[in-house]
Amino acid sequence: MQDLLNDIAGKMKLATERGEVANYIPQLAHVDPQQFGIAVATPDGQVFAAGDAREPFSIQSISKVFALTLALGKQGDSLWQYVGREPSGDPFNSIVQLEHESGKPRNPFINAGAIAVVDAIMMGHEPKEVLAELLSFVRFLANDDRLYFDHEVAASELEHKHRNASLAHFMKAFGRLHHDVDKVIGTYFHQCAVAMNCVQLAQAGLFLVSDGVNQVTGTRVVSAQRARRINSLMMMCGHYDGSGEFAFRVGLPGKSGVGGGILAIAPARASIAVWSPGLDNIGNSLLGTRALEMLVQETGWSVFGH
Ligand code: DON
């Protein structure tokens, strides 16, 4: 495994076509596109890493997996009143379906759905309390107390909030948000601004590898059924309108973020994190996807078989 990761990282370092770094959040536009990291964590406690696997980056939409897990813990299946579980086939920040579907977002991973999930987590609490809970949950998942919010990234996104604010106001107009729009999106921006490196992210995904149990820490995070369902949502919706392509090429549940990270789960085998800041035209890491494709080809880890 270590040789394989070294090989993949070596190839990715040399790639000339690297995609475009996200620029609609100015703070992300400054990240060096030459970076590439990969980490694989296995349920028996091994961690393999190569390239820039210990360089922190903004996890952005990958945080939606952790927020969804927390929301399901609080609300159980009643969460599905507020958000659907169908792929959208539209970009992550699209507003069009909301009008046709009376303000109910298609799934928890598009921005509108993630905003509805934050609203569900808040349950009358102030953003500060909610963020403290979110951060301690992600620290618990990763088994690492060093994780933090990058407040500069959150502030940078807040300055360019209009698209997400529109989604939130639109849902509010349908009576779908219970809290003040500014508080909900402020919380959402901070959630997206959690900084992690590939090793930490791979470790945070371990509970989805082993039926809801983080076997390294010996803690049950969710039931086996819930882990299965989160994985299925990642497979169908984790890459937005690129989810079909990701399933076709990689064949694993995965969640991308505009910071260039991807968390992918090989059930019963490993949790994998990759990061390269350059994105494809849909907003998913170009080299991250290519690296996962190579890894799966070599390991035969696709859920669809060898
Ligand atoms: O709301 C946004 O636009 C960002 N905070 C997150 C978007 C994102 O990561 C999309 N992923 N590829």
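Start with strand 2 in this predicted model and select residues 37-41. Gly37, Ala39 and Ala41 point to one side of strand 2, while Ile38 and Val40 point the other way. Every one of these residues is buried. With five of five residues buried, strand 2 is largely enclosed by the rest of the structure. Buried here stands for under 20% relative accessible area.

Next, add the neighbours of strand 2. Strand 3, residues 47-51, pairs with strand 2 in the antiparallel sense over five bridges. To see one of the contacts, display alanine 41, whose bridge partner in strand 3 is valine 47. The two strands form a hairpin, with five residues between them. Pick glycine 45 in that turn: its phi is positive, about 95°.

Now select residues 270-275, which are strand 11. Strand 11 also pairs with strand 2 in the antiparallel sense, over five bridges. Valine 40 of strand 2 is found opposite isoleucine 272 in strand 11.

Move on to another sheet. Three strands make up an open sheet in the order 4-6-5, and the pairing is antiparallel. Strand 4 (57-58) and strand 5 (148-149) are at the edges; each has a single partner strand, so one side of each has no neighbour in the sheet. Select residues 194-196 to show strand 6, which is joined to strand 5 by two bridges. Tyrosine 148 has alanine 195 in strand 6 as its bridge partner.

From strand 4, go to the largest pocket, which holds about 220 Å³ of space. Its lining has 16 residues, and those closest to the pocket centre are Leu28, Val31, Pro56, Phe57 and Ser58. Helix 2 (26-29) and strand 4 each contribute at least two residues to the lining. Colour the lining by class: twelve residues are nonpolar, three polar and one charged. Then colour by domain: domain 1 (2-61 + 195-298) and domain 2 (64-192) each provide at least three lining residues.

Finish with the largest nonpolar core, a set of 70 residues. Select Phe66, Leu68, Ile115, Met196, Leu201, Leu208 and Met234, the members that touch the most others. Then show helix 5, residues 111-122, which gives the largest share of the core, nine residues. Keep the domain colouring on: both domain 1 and domain 2 give residues to this core, so the core lies between them. In soluble globular proteins, nonpolar side chains tend to be buried together.

Terms used. Residues are numbered from 1 along each chain as its sequence is written. This is a predicted model: local features need pLDDT of at least 70, side-chain atom pairs count only at pLDDT 80 or more; totals for chains, interfaces and linings use all residues. Side-chain values use heavy atoms; hydrogens and water are left out. Two strands pair if DSSP finds at least two bridges between them. Helices (H or I, at least four residues) and strands (E, at least two) are DSSP runs, numbered from the N terminus. On a 1 Å grid over the protein atoms alone, a cavity is a set of points where a 1.4 Å probe fits but cannot get out, and a pocket is an open set with protein on both sides within 12 Å along at least five of seven lines; lining residues have an atom within 4 Å of a point. Grid points are joined across faces, edges and corners, and a volume is the space filled by probe spheres set on the points. Ala, Val, Leu, Ile, Met, Phe, Trp, Tyr, Cys and Pro count as nonpolar, Asp, Glu, Lys and Arg as charged, and the others, Gly among them, as polar. Domain bounds come from an automatic or database domain assignment. A nonpolar core is a set of buried Ala, Val, Leu, Ile, Met, Phe, Trp, Tyr and Cys residues joined through side-chain atoms within 4.5 Å. Buried means under 20% relative accessible area, exposed over 50%, partly exposed in between (1.4 Å probe, protein chains only).
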